[in-house]
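Work through the exercises below with the sequence and the model open. Each task is followed by a solution in steps.

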Amino acid sequence: MNKIETDVLIIGAGSGGLSVAAGASQMGAKVVLLEGHKMGGDCLNFGCVPSKALIATGKAAYGQQHAAQYGVADAPGDVDYAAAKDHVADVIAQIAPVDSQERFEGFGVHVIREYGRFISENEVQAGDAVIKARRIVIATGSSPLVPPIPGLEDVPYETNETLFDLRDKPEHLLIIGGGPIGMEMAQAHVRMGCKVTVIEGEKALGKDDPELAEVVLQTVRDEGVVIEEDALAAQVSGTAGAIKVEAKDGRVFKGSHLLMAVGRKSNTDKLDLEKARIKPSKTGIKVDDQLRTTNKKVYAIGDVAGGLQFTHVAGYHAGVIIRSMLFGLPSKAKTSHIPWATYTDPELAQVGLTEAQAKKKHGPALEVVRFHYNHNDRAIAERKTKGLIKVMVVKGRPVGASIVGYQAGELINLWALALANRMKMGQIAAMVAPYPTIGEINKRAAGAYFGPRLFESALVKRVVGFVQRYIP
Ligand SMILES: Cc1cc2nc3c(=O)[nH]c(=O)nc-3n(C[C@H](O)[C@H](O)[C@H](O)COP(=O)(O)OP(=O)(O)OC[C@H]3O[C@@H](n4cnc5c(N)ncnc54)[C@H](O)[C@@H]3O)c2cc1C
Ligand SMILES: NC(=O)c1ccc[n+]([C@@H]2O[C@H](COP(=O)([O-])OP(=O)(O)OC[C@H]3O[C@@H](n4cnc5c(N)ncnc54)[C@H](O)[C@@H]3O)[C@@H](O)[C@H]2O)c1
C-alpha cells in the first residue's frame, strides 16, 4: 500500500478538476489528481469538443450547398462520414496536450490514473495508493442518463460516449431527447446527409425562451429534421439497422440508428460517499453555496454538483473553491450571471432571466427591449439575418438577455459581463462598436432601450427647442 499525504486531492481530471489542479499547484499547494479514464473528461473526449467539430463538418457541407446566394456555384456538399470522424479525432488530438498528464506533472501535480473511492472522511483509495488530504475536491462529472425504457437494453444505441467513434454513416438517426445534445447532433447529422428524427417527450429546447427556441426549431425542421414533441419514448425494439421507438401516445418512429440524449446522471457510483459522510442530492451531490458537501473538508464542483452542467460552470466553480481552499476566504457560487449557448445554426444563447422569468420576478418594473438581426448591416452582408436579441431591463440594468441568431454565443459575452458586474444599460450604450460588426446588435439593443426615452419624450423636445432658440 502506497500512502500519500497532500494538501489538495482532486478526483476527476475533467473541466473542473483540471482547473483546480492548475490553479492550486501553480499557487504553491501540494496536489494529487486522480483520473480513472481519459484526461480532459467529457468536454474534450465526448462532449463540447467533438460535438463542435462535427457541427463544423455540417456547416461546411451546408455552406457548399448554399453558396449560390453569394455568387458561388452550389456544390453537393457530400460528406465522407468516416473522414468527418477523423477530423473530430484530429481536433481532440490538437487540444489534448493542454489537458495531458505530462502538462499537469509539469506543474508539479501528482497524477494517478485510477478511479478513487473514499475509505474515510479524509482518505481516498486509488489503485494501490491511499491518499490523505487536507481538502478533497470531487469533480467526477456526469454520464449519459439511460432511462429504463422497456426494450432499450436489447437494442443497440449510441450515447455521447460512442457517437463520435461511429464510422458508418447512419442512414436514419433517431434521437430520443430534444435538448442541446439532441438538437446540435440532429442538425449536424442532417447536414451530413442523414435522415434524422428527434423524439422529444415535452418541448424541444425547453430550457430556453420559447419564442427564440422556435426560430432554431423551425430552421432545423426546414433543413429536413423531423421533430416530434410530446412524444415520450415508452418502448424500444429492433436490431442494428432497424430500430423502432414507440411513444407513449402510440406514435411509432423507425430508423437505422438510435442516439440517447435525455440528460445526464452525476458520477457518484464509484465514490463510496457514505464512508466520508457525504450526502447525495436528487441530481448529484448535496452542496452549500460555497460548494462544500456535507463533509466540510470536501467540495463538489462541475456536473457532479448537479446544477448547471457546462464546462464554463465547472471552471467557474474551480475559481470559487480555490479562493476558499487556498486562502481561507469566503467564496460563494452564484448562478444568475452564468451564460449558456446551444451551437445550432442559428445559435441560441441565454444569460440571466428569460422574459418569462423576469416577468414573474419583476412584474411591471420589467422592460423588454428587442432588436432584430435583419437591421444589422453585417448580418445582411453575410446573409445571416434570421434572429433577434431580447434584453430584460429593470431600473436601467439588464437582468437577462436572450439571443437567437448568427454568433449568438459570441454576442452573449457582453451581457454576461454586464450581469456579472451589475452594469447599466447606459454603459452598454456608451460603447462604440466597430462598423459593420454583428456585435453592433448589442449596442442597438441598448439603443432600443434609450430610443423611446430620447425620441418620444416631450421634455427632451422642450429642452432641445429651448437650447436652439435661446443659446447662441
Ligand atoms: C455532447 C455534449 C456536448 C457538450 N457541449 C458543451 C458545450 O458546448 N459547452 C459547454 O459548456 N458544455 C458542454 N457540455 C457539458 C460539458 O461537457 C460538461 O459540463 C463538463 O465536461 C463538466 O466538467 P466536469 O469537470 O464536471 O466533468 P468531466 O469533464 O466529465 O470530468 C470528470 C472526470 O472525472 C473522471 N472520474 C469519474 N469518476 C471518477 C473517480 N471515481 N475517480 C477518478 N476519476 C473519476 C471521469 O473519467 C472524467 O474524466 C457538453 C456535454 C456533452 C455530453
Ligand atoms: N452547447 C452546450 O453548452 C451543450 C451542448 C450539449 C450538452 N450540454 C450539456 O449537457 C446537458 C445534457 O444535455 P441533454 O440534451 O442530454 O439533456 P437535457 O436534459 O437538456 O435534454 C433532454 C431532453 O430529453 C427529453 N426526454 C427525457 N426523457 C425522454 C423520453 N423518455 N422520451 C423523449 N424525450 C425525453 C427531455 O424532455 C429533455 O428535453 C445539458 O443540459 C447541458 O448542460 C451543453
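Helices (H or I, at least four residues) and strands (E, at least two) are DSSP runs, numbered from the N terminus. The model is predicted: local features need pLDDT of at least 70, side-chain atom pairs count only at pLDDT 80 or more, and totals for chains, interfaces and linings use all residues. Residues are numbered from 1 along each chain as its sequence is written, while chains are lettered from A and ligands numbered from 1 in the order in which they are written.

**Exercise 1.** Locate Gly141 and Ser142, decide whether each is buried or exposed, and list their contacts.

Solution.
- Step 1. Gly141 is found in the loop between β6 (129-138) and β7 (142-144), and Ser142 is in strand β7.
- Step 2. A residue is buried if 20 or more other C-beta atoms lie within 10 Å of its own, exposed if 12 or fewer, and partly exposed in between; C-beta atoms are placed from the backbone. Gly141 has 27 C-beta neighbours inside 10 Å and so counts as buried. Ser142 has 23 other C-beta atoms within 10 Å and is therefore buried.
- Step 3. Two residues are in contact if their C-beta atoms, placed from the backbone, lie within 7 Å. Not counting residues up to four places away in sequence, Gly141 touches Gly12, Gly14, Gly41, Asp42, Asn267, Gly302, Asp303 and Val304. Leaving aside neighbours within four places in sequence, Ser142 is in contact with Arg264, Lys265, Ser266, Asn267, Asp303, Val304 and Gln309.
- Step 4. UniProt, in an unreviewed entry, lists Lys52, Gly116, Thr140, Gly141, Ser142 and Asp303 under "binding site". These positions are spread over 252 residues of sequence and are also spread in space, up to 30.3 Å between C-alpha atoms. UniProt positions are given in the numbering used here, feature names are shortened, and annotations may be inferred rather than shown by experiment.

**Exercise 2.** Why do the UniProt "binding site" positions that include Gly179 and Gly182 gather at one spot?

Solution.
- Step 1. The unreviewed UniProt entry gives Gly177, Gly178, Gly179, Pro180, Ile181, Gly182, Met183, Glu184, Glu200 and Gly263 for "binding site". They span 87 residues in sequence, yet no two of their C-alpha atoms are more than 13.8 Å apart, so they gather at one spot.
- Step 2. Gly179 sits in the loop between β8 (172-176) and α6 (180-191). Gly179 is buried because 21 other C-beta atoms lie within 10 Å. Apart from residues up to four places away in sequence, Gly179 touches Ala261 and Gly263.
- Step 3. Gly182 belongs to helix α6. With 24 other C-beta atoms within 10 Å, Gly182 is buried. Not counting neighbours within four places in sequence, Gly182 is in contact with Ile175, Gly177, Val198 and Ala261.

**Exercise 3.** Describe the shell around ligand 2 and state where ligand 2 lies relative to domain 2 and domain 3.

Solution.
- Step 1. A residue is near a molecule or strand if its C-beta atom, placed from the backbone, lies within 6 Å of it. There are 27 residues around ligand 2, and Gly177, Gly179, Gly201, Gly263 and Gln309 come nearest.
- Step 2. The elements giving two or more residues to this shell are α6 and β17 (339-342). The largest share, four residues, comes from α6.
- Step 3. By class, the shell has 14 nonpolar, nine polar and four charged residues. Here Ala, Val, Leu, Ile, Met, Phe, Trp, Tyr, Cys and Pro count as nonpolar, Asp, Glu, Lys and Arg as charged, and the others, Gly among them, as polar.
- Step 4. Domain 2 (152-262) and domain 3 (339-455) both give residues to the shell, so ligand 2 lies between them. The domain bounds come from an automatic or database domain assignment.

**Exercise 4.** Find which bonds at Pro346 and Pro436 are cis, and give phi for Lys395 and Arg422.

Solution.
- Step 1. Most residues other than glycine have a negative phi, and most peptide bonds are trans.
- Step 2. Asp345 and Pro346 are joined by a cis peptide bond with omega about 5 degrees; Pro346 is in the loop between β17 and β18 (347-352). Tyr435 and Pro436 are joined by a cis peptide bond with omega about -10 degrees, and Pro436 lies in the loop between α12 and α13.
- Step 3. Lys395 has a positive phi, near 50 degrees, in the loop between β20 and β21 (397-405). With 11 C-beta neighbours inside 10 Å, Lys395 counts as exposed.
- Step 4. Phi of Arg422 is positive, near 50 degrees, and Arg422 lies in the loop between α11 and α12. Arg422 has 10 C-beta neighbours inside 10 Å and counts as exposed.
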